[in-house]
Amino acid sequence: MTSIGLALRSLLWTALLPGLFAGYMPLRFFGLARVHVSLTNPVQLLALLAIGVGAALLVTCIWEFAASGRGTLSPVDPPRELVVRGLYRYVRNPMYLSVTMIVLGEVLLTGSRPLLAYWAIWFAAVNLFVIGYEEPTLRRRFGESYERYTRDVGRWLPRRRGGNHL
């Protein structure tokens, strides 16, 4: 598949997955579309910073999936190579954490408790998906290299590194 094809697939899956969860749903159902941003409000500035940093980290992760893994963020079009570079050197799931940062920024921006509950339910579902589907699938697909990766890199939080670097 060409680089252009991979880029188009990555854009499609970005719009369908994080775009739906962190974009469309908060805009349509949780008041994000009605927010009037005040650049003098420190909470809203922090919210915008979280959203911007989360979006930048998400793009970085998607790029790494395409560049290193030759795949996308979709479970039906995954990377062909185990991605352990970039942000994936620090945590195994930086893409989900990036989306978390975006949505929690949106929570700050809107002050919406229902959006916070939506995020909590989503994150619980993601955790079940990671443990029940992604990790077993990656173990079968990449074997010992994935086992070594899970020993060295935390699922959600970075681990202190000794002499063993990826």
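This report describes the fold, the aromatic pairs and several single residues of a predicted model.

## Basis of the model

Because the model is predicted, local features need pLDDT of at least 70 and side-chain atom pairs count only at pLDDT 80 or more, while totals for chains, interfaces and linings use all residues. Residues are numbered from 1 along each chain as its sequence is written, and side-chain values use heavy atoms, with hydrogens and water left out.

## Overall fold

The protein chain has 6 helices and 0 strands, in the order α-α-α-α-α-α along the sequence. Helices (H or I, at least four residues) and strands (E, at least two) are DSSP runs, numbered from the N terminus.

The C-alpha trace spans about 50 × 40 × 25 Å along its principal axes. The radius of gyration of the protein chain is 17 Å, which agrees with the value near 15 Å for a compact globule of 166 residues. This radius is taken over C-alpha atoms, and the globule rule is 2.2 Å times the number of residues to the power 0.38. In the protein chain, contacts (heavy atoms within 4.5 Å) with a separation of 6 or more are 68% between residues 24 or more positions apart.

## Surface and charge

Of the 166 residues, 38% count as buried. Buried means under 20% relative accessible area, exposed means over 50%, and partly exposed lies in between, with a 1.4 Å probe and protein chains only. The accessible surface of the protein chain comes to about 9,600 Å², and carbon and sulfur atoms account for 68% of it. Accessible areas come from the Shrake-Rupley method with a 1.4 Å probe; for residues, only the protein chains shown count as cover.

The chain carries 18 positive and 9 negative charges, and the mean positions of the two sets are 4 Å apart. Lys and Arg count as positive and Asp and Glu as negative, while His and the chain ends are not counted. Each charge is placed at NZ of Lys, CZ of Arg, CG of Asp or CD of Glu.

## Aromatic pairs

The structure holds 12 aromatic pairs. One of them is Trp-119 with Phe-123, which is stacked at 5.5 Å centre to centre with 25 degrees between the planes. Rings of Phe, Tyr and Trp (its six-membered ring) pair if their centres lie within 6.5 Å; planes under 30 degrees apart count as stacked, over 60 as edge-to-face and the rest as tilted. Trp-119 and Phe-123 both lie in helix H5 (residues 113-142), 4 residues apart, about one turn of the helix, and both are buried.

Phe-129 and Tyr-133 are also a stacked pair, at 5.2 Å centre to centre and 25 degrees between the planes. They too lie in helix H5, 4 residues apart, about one turn of the helix. Phe-129 is partly exposed, at 30% relative accessibility, and Tyr-133 is partly exposed at 37%. Ring pairs also link a cluster made of Phe-21, Phe-30, Tyr-96, Tyr-118, Trp-119, Trp-122, Phe-123 and Trp-156.

## Other positions in helix H5

Val-126 is in helix H5 and is buried, with a relative accessible area of 7%. Val-126 touches Tyr-96 and Trp-156, not counting residues up to four places away in sequence; Tyr-96 and Trp-156 are among the members of the ring cluster. From C-alpha to C-alpha, Val-126 and Ile-4 are 29 Å apart, with their positions 122 residues apart in sequence.

Ala-120 also lies in helix H5. Ala-120 is partly exposed, with a relative accessible area of 37%. Its C-alpha is 25 Å from that of Pro-78, and the two are 42 residues apart in sequence.

## Gly-54 and Arg-70

Gly-54 is in helix H3 (residues 42-69). At 0% relative accessibility, Gly-54 counts as buried. Leaving out residues up to four places away in sequence, Gly-54 touches Ser-98, Met-101 and Ile-102. The C-alpha atoms of Gly-54 and Thr-100 are 7.6 Å apart, although the two residues are 46 apart in sequence.

Arg-70 lies in the loop between H3 and helix H4 (94-110). Arg-70 is not a glycine, yet has a positive phi of about 55 degrees. With a relative accessible area of 33%, Arg-70 is partly exposed.

## Met-25 in helix H2

Met-25 is found in helix H2 (residues 18-29) and counts as partly exposed at 22% relative accessibility. Apart from neighbours within four places in sequence, Met-25 is in contact with Leu-20, Phe-30 and Tyr-118. Met-25 and Val-53 are 28 residues apart in sequence and 20 Å apart from C-alpha to C-alpha.
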